[in-house]
Amino acid sequence: MKNTFIYLSLLITMLALNLLYAQETEPDKLKEQKELIIQEERNLLKQKVESINNRLEDNEISLEQANILKQQEAEKHALNIENRIAILENEFALSERNKEEEENENKKIEISIFGSGNIINVDYDKKVKYDRRTTSDFVLAVGLNNVITEGEDLEDSDFKIGGSRFAELGWAWKTRVFKNSNFLRVKYGFSFQFNSLKPTDNRIFARDGDETVLETFPLELNKSKLRMDNLVFPVHFEFGPSKKTQTEETIRYSTSKSIKIGLGGYAGFNLNTIQKLKYNNDGDKVKEKFKNNYNTNDLIYGLSGYIGWRTVGLYAKYDLNTIFKDNPIEQRNVSLGLRWDMD
């Protein structure tokens, strides 16, 4: 009897809460959500009570312990109902308040032109853009750099495979090509590329007339590096699946959890060419920096591509222009690394 009394007391409490919060002025949707909360908690309590009764029948607990456990469960679920309904009402009030603010912002204002007596109605809309087809993101890429030499394999390169590196910093915009599909996007922007080459066998770059050659340095080098700084303007066609999210206010496409493939190229200018040397001379540490164009090409252009997942991708680029203008043997820069801008 005591168990039945506790259980019925909880049901009465639930009914009272239901009557308290489900007012006639509330929208039907809000009432349905409140009723769903009460029903869920009622079912959970019923399961808990049945479990306690089974434990009592198996002599795992005493009658007094069973009554205490039922009372605790009844109080917990009644409080759950109260808290969950309070949260629901607050969320509903917040949503309605924001909706009213948006409606107030989306209004017409009147401008009176002095002396003319005319009134001009101007639409004044601050609402969030329904379909945002263009987004932007910061570009960061790092990796290994080297040279493809005419008539030679990369394995026979004059430059250190692990020591020659590249970095890229920039900004990219991404625009959806088709109105109702996000499968194909155009990605474009600007980037600063920093391509470095470290010669093997204690050599440095030197000018020999119109040519740029590698010469052996007379002292033991701690560092020998040629760095080319470029400003380029990449364009990629990016394709891959995306997730579409549509509400009454907005439509958005997300590729954050999809494979992304980009194919394209870049063109730009060489801004600076610097050679850095470090060596010891009679016990003194010497650092030298030489700013010279070293006969490098001023115009930079090439092919690039990436394949990514989430925010990171594998990135490759290849300069179609030769590194040096008048060298008899053509050499072109090639890079492979990681790129972050996959959102």
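This passage describes aromatic contacts, a strand hairpin, enclosed cavities and one open pocket in a predicted model.

Aromatic contacts come first. A pair of aromatic rings is described by the distance of the centres and the angle of the planes. The structure contains 7 aromatic pairs. One of them joins Trp173 and Phe190. Their ring centres are 6.5 Å apart and their planes meet at 45°, so this pair is tilted. Trp173 belongs to strand β4 (residues 165-176), while Phe190 belongs to strand β5 (residues 184-197). The contact therefore ties together parts that are 17 residues apart in sequence. Trp173 has 33% relative accessibility and counts as partly exposed. Phe190, at 32%, is partly exposed as well. The cut-offs explain both labels, because partly exposed covers the range between under 20% (buried) and over 50% (exposed).

Another tilted pair is formed by Phe183 and Phe239. Here the centres are 6.2 Å apart, with 35° between the planes. Phe183 sits in the loop between β4 and β5, and Phe239 in strand β8 (residues 221-239). This pair therefore ties together parts that are 56 residues apart in sequence. Phe183 has a relative accessible area of 47% and is partly exposed. Phe239 is also partly exposed, at 27% relative accessibility.

Ring pairs also build a cluster, made up of Phe159, Phe205 and Phe324. A charge meets a ring elsewhere. The charged end of Arg339 sits over the ring of Tyr315, at 5.0 Å from the ring centre.

Phe205 of the cluster falls within strand β6 (residues 203-208), which pairs with strand β7 (residues 211-216). The two strands run in the antiparallel sense and share 6 bridges. Ile204 has Glu215 of β7 as its bridge partner. The hairpin of β6 and β7 has 2 residues between the strands. Gly209 in this hairpin takes a positive phi near 70°.

Enclosed space was examined next. Rolling a probe the size of a water molecule over the atoms shows where empty space is left. Across the whole structure, 2 cavities of 30 Å³ or more were found. The largest cavity holds about 70 Å³. Its lining includes Asn195, Met228, Asn230, Asn270, Thr296, Asp319 and Asn333. By class, that lining has 8 polar, 3 nonpolar and 1 charged residues.

The second largest cavity has a volume of about 60 Å³. Phe190, from the first ring pair, is one of its lining residues. Arg339, whose charged end sits over Tyr315, is another. Also among them are Glu168, Trp171, Lys187, Pro234 and His236. β4, β5 and β8 each supply at least two residues of this lining. The largest share, 5 residues, comes from β5. The lining counts 6 nonpolar, 3 polar and 3 charged residues.

An open site completes the picture. The second largest pocket encloses about 380 Å³ of space. It is lined by 20 residues. Thr135, Lys174, Tyr253, Ser254 and Asp343 are the closest to its centre. At least two lining residues come from each of β3 (134-149), β4, β5, β9 (243-246) and β10 (251-254). Charged residues number 11 in this lining, beside 7 polar and 2 nonpolar ones. Strands β4 and β5 thus recur: they carry Trp173 and Phe190, help line the second largest cavity and help line the second largest pocket.

Note on methods:
Residues numbered from 1 in each chain as written. Predicted model: local features only at pLDDT ≥ 70, side-chain atom pairs only at ≥ 80, totals over all residues. Heavy atoms only, no water. Phe/Tyr/Trp six-rings, centres within 6.5 Å; stacked < 30°, edge-to-face > 60°. Helix = DSSP H or I, 4+ residues; strand = E, 2+ residues; numbered from the N terminus. Buried < 20%, exposed > 50% of the residue type's maximum accessible area, 1.4 Å probe, protein only. Lys NZ or Arg CZ within 6 Å of the ring centre and 35° of its normal. 1 Å grid on protein atoms, 1.4 Å probe; cavity = no way out; pocket = protein on both sides within 12 Å on 5 of 7 lines; lining within 4 Å. Points joined across faces, edges and corners; volume = space filled by probe spheres on them. Nonpolar A, V, L, I, M, F, W, Y, C, P; charged D, E, K, R; others polar. Pairing = 2+ DSSP bridges.
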